[in-house]
Amino acid sequence: MKTSELFHSGMVTLIGRTNVGKSTLINCLVGDKVSIISDKPQTTRNRIHCILTRQNGQAIFLDTPGLHTPKSRLGERMNQYALESLREVDLILFITTAEFLKPGKGDLRIIQQLKPIPVTKFLVINKSDLVSREALAECSERFFNLADWGRVFFTSALNCSGLEALSDSIFETLPEGPLYYPADMMIDQPERFLISEIIREKVLQLTRQEVPHGVAVIVEGMQDITREGSLLNYTRIEATIYVERESPKGIIIGSGGSMLKAIGSQARSDLEKLLGQQVHLDLRVKVRKDWRDSEFSLREFGYRRNL
């Protein structure tokens, strides 16, 4: 893709409280699943660059962990990722939801941190399809007066509605710039990271509220297998699910291994779409006590102190 003087590009940060739909919103904007989704808070743990390239520009979205009151070193690290994403960006999308109706303490704290940052800020009220027009107008009014918003948008990331106007405005707002990433690139993370995130998503989705957030997934090995004389090739993936206690380990394994089998089955389906071929997935579950408060474990599991 050739750039021109009308090519616009830059960094766009999505920030907001936990569980307001930031990852779902990015998936809709980019047009593919590049960030995992769960209805549990703090699903996103790393700072992830997701890339949307159009003829007239390239937007690099930073999917950040939701800001929250941390209860572990991991929680502190997640907040650090989110706040550091505000540095040297070209546009900030503050995401809230129509369900809140009025700003909470978390919203007010984030907005205060945004005020001195000298870049354009959009207010995005997500899940706008879940409330009445009257409630939506009330929500908009209460948030609108809290900061100098460049634009206000009403979206439903779950239905991917209201995003065309948001996307167009993003590219209109970004400065003229180069093509930072190849046009066909959608995420800046390595393949193993995406694989581990897909597996972790299935753990969170299938175990629901039974398993706390002390879950990490490490891909221990990957090997492409070619069967001689056969067109049937596949990728063998070995991964370990780490938890902090014996009780969630038992829940993830399930009676007779039933839950682990379900996790593997759903993860395998997504992994085959990601890799474009058959996948043999070998999952195991191990206990790493209090890993969220262990600096050694945080480094081993990829949660760096500084970005």
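## Exposed and buried residues in a predicted model

Lys115 has a relative accessibility of 43% and therefore counts as partly exposed, since partly exposed covers the range between under 20%, which is buried, and over 50%, which is exposed. The structure discussed here is a predicted model. Lys115 sits in the loop between helix 3 and strand 5, where its side chain makes a polar contact with the side chain of Gln112 at 3.1 Å. When neighbours within four places in sequence are left aside, Lys115 is in contact with Lys121 and Leu146.

Helix 3 itself, which spans residues 105-114, has Gly106, Asp107, Ile110, Ile111 and Leu114 as buried residues. Because these residues cover an arc of only 125° around the axis, they lie on the same side of helix 3. The buried residues of this helix pack against strand 1 (8-16), strand 4 (91-97), strand 5 (120-126) and helix 4 (133-144).

Two residues in other helices can be set beside Lys115 in a table.

| Residue | Place | Relative accessible area |
|---|---|---|
| Ser169 | helix 5 (residues 163-173) | 4%, buried |
| Leu271 | helix 8 (residues 258-275) | 0%, buried |
| Lys115 | loop between helix 3 and strand 5 | 43%, partly exposed |

Which residues does Ser169 contact, leaving aside its neighbours within four places in sequence? They are Phe122, Arg151 and Phe153. Ile170, with its neighbours within four places likewise left aside, is in contact with Val12, Ala59, Phe61, Leu91, Leu93 and Phe122.

Ile170 also belongs to the largest nonpolar core, which has 24 residues, and the members that touch the most other members are Val12, Leu25, Phe61, Leu93, Phe122, Leu166 and Ile170. Two or more residues of this core come from each of strand 1, helix 1 (22-30), strand 2 (48-54), strand 3 (57-63), strand 4, strand 5 and helix 5. Helix 1 gives the most to this core, with five residues.

Apart from this core lies another one, of 21 residues, and Ile195, Val203, Leu260 and Leu271 are among them. Leu271, leaving aside its neighbours within four places in sequence, is in contact with Ile195, Ile198, Ile237, Gly276, Val279 and Leu281. The C-alpha atoms of Leu271 and Thr235 are separated by 9.7 Å, although these residues are 36 residues apart along the chain. For Lys115 and Leu146, which are 31 residues apart along the chain, the C-alpha atoms are separated by 9.2 Å.

Key:
Residues numbered from 1 in each chain as written. Predicted model: local features only at pLDDT ≥ 70, side-chain atom pairs only at ≥ 80, totals over all residues. Heavy atoms only, no water. Buried < 20%, exposed > 50% of the residue type's maximum accessible area, 1.4 Å probe, protein only. Contact = heavy atoms within 4.5 Å. Arc of directions from axis to C-beta. Polar contact = N/O pair within 3.5 Å; in protein donor to acceptor, adjacent residues only side chain to side chain. Core = buried A, V, L, I, M, F, W, Y, C linked by side-chain atoms within 4.5 Å.
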